[in-house]
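Q: I'd like to learn how to read a fold feature by feature. Could you walk me through this one?

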Amino acid sequence: MALDQATKLSLCRQAADVRKFAYAPYSKYPVGAALLTSTGKIFTGVNVENISYPNGVCAERTAVFKAVSEGEKVFTAVAVVTPNGGTPCGACRQVLAEFSQDMVVLIGSPKGELIRETTLEALLPESFDPGKFQLE
Ligand code: THU
């Protein structure tokens, strides 16, 4: 799936739109994500917090788990929208790298504008990923 400008903007818009479903009563920091797969499908996700705080999950991982649950494991790009331009946390970078080290990371504004473009490689250099792992 080609990552043209229209697709980037569509991902940012979907990440911004889905943010309304974030369940973030504790942090009050709603996050939305939109993950593009190699087959052109888009899976959205939001952060889902819990009163037992460590059991919450980030928006990016929600999107990854939705995609993998539906048979999609190759990712081209992810757009993330937070209240203030935040980038994916370390745990989410690692989970993304499990499936696709070579992906674009788009940071969108709450209005759905593209405010920054980077890569997973830049955010998680020298990742420990399945390609580096040798059994026996
Ligand atoms: N959060 C995400 O959903 N994605 C990120 O990349 C950073 C943090 C969530 C976790 C928690 O629900 C809230 O934002 C505050 O940390």
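A: Sure. One term comes up again and again: a residue counts as buried when its relative accessible area is under 20%, and as exposed when that figure is over 50%. Keep in mind that this is a predicted model.

Q: Which residues of α2 are buried?
A: In α2, the buried ones are A59, E60, R61, T62, A63, V64 and A67. Their cover includes β1, β2, β3 and α3. Just past the end of α2, G71 has a positive phi of about 90°.

Q: How do I check a helix's length, say for α1?
A: Multiply 1.5 Å by one less than the number of residues to get the expected span. Helix α1 covers residues 5–18, which is 14 residues, so it should span 20 Å. The C-alpha atoms at its ends are 20 Å apart, in agreement with that.

Q: And what do the buried residues of α1 pack against?
A: Five strands: β1 (32–37), β2 (42–46), β3 (75–81), β4 (104–108) and β5 (114–119). The buried residues themselves are T7, K8, L11, C12, A15, A16 and V18.

Q: How many residues are in the largest nonpolar core?
A: To read a core, look for buried nonpolar residues joined through side-chain atoms within 4.5 Å. The largest one here has 20 residues, and L35, V78, L96 and M103 have the most contacts inside it. Two or more residues come from each of β1, α2, β3, α3 (90–99), β4 and α4. The largest share, 4 residues, is from α2. A separate core of 11 residues lies apart from it, with L11, A15, V104 and L106 among its members.

Q: What does M103 touch?
A: Skipping residues up to four places away in sequence, M103 touches L35, F75, T76, A77, V78, L96, T119 and L120.

Q: Where do the buried residues of α3 pack?
A: Against β1, α2, β3 and α4. The α3 residues in question are C92, R93, V95, L96 and A97.

Q: Is L123, in helix α4, buried or exposed?
A: Compare its accessibility with the 20% cut-off. L123 has 13% relative accessibility, so it counts as buried. Leaving out neighbours within four places in sequence, L123 contacts P88, R93, V105 and T118. L123 and R93 show how a fold brings distant positions together: 30 residues apart in sequence, they sit 7.4 Å apart in space, C-alpha to C-alpha.

Q: Which residues make the nonpolar surface patch?
A: For a patch, you look for nonpolar side chains with over 30% relative accessible area, joined within 5 Å. Here Y23, Y26, V48, I51 and Y53 make one of about 540 Å². One of them, I51, is in the loop between β2 and α2 (59–69). At 61% relative accessible area, I51 is exposed.

Q: Last one, backbone angles. What is phi of K28, and where does K28 lie?
A: Phi of K28 is near 55°, a positive value in a residue that isn't glycine. K28 lies in the loop between α1 and β1, and with a relative accessible area of 64% K28 is exposed. E126 is another case: its phi is near 50°, again positive in a residue other than glycine. E126 is in the segment after α4 (120–123), and its relative accessible area of 79% makes it exposed.

Technical notes
Residues numbered from 1 in each chain as written. Predicted model: local features only at pLDDT ≥ 70, side-chain atom pairs only at ≥ 80, totals over all residues. Heavy atoms only, no water. Buried < 20%, exposed > 50% of the residue type's maximum accessible area, 1.4 Å probe, protein only. Contact = heavy atoms within 4.5 Å. Patch = residues over 30% accessible without salt bridge, like charges linked within 9 Å, V, L, I, M, F, W, Y side chains within 5 Å. Areas by Shrake-Rupley, 256 points an atom, 1.4 Å probe, with all protein chains shown as cover. Salt bridge = Lys/Arg side-chain N within 4 Å of Asp/Glu carboxyl O.
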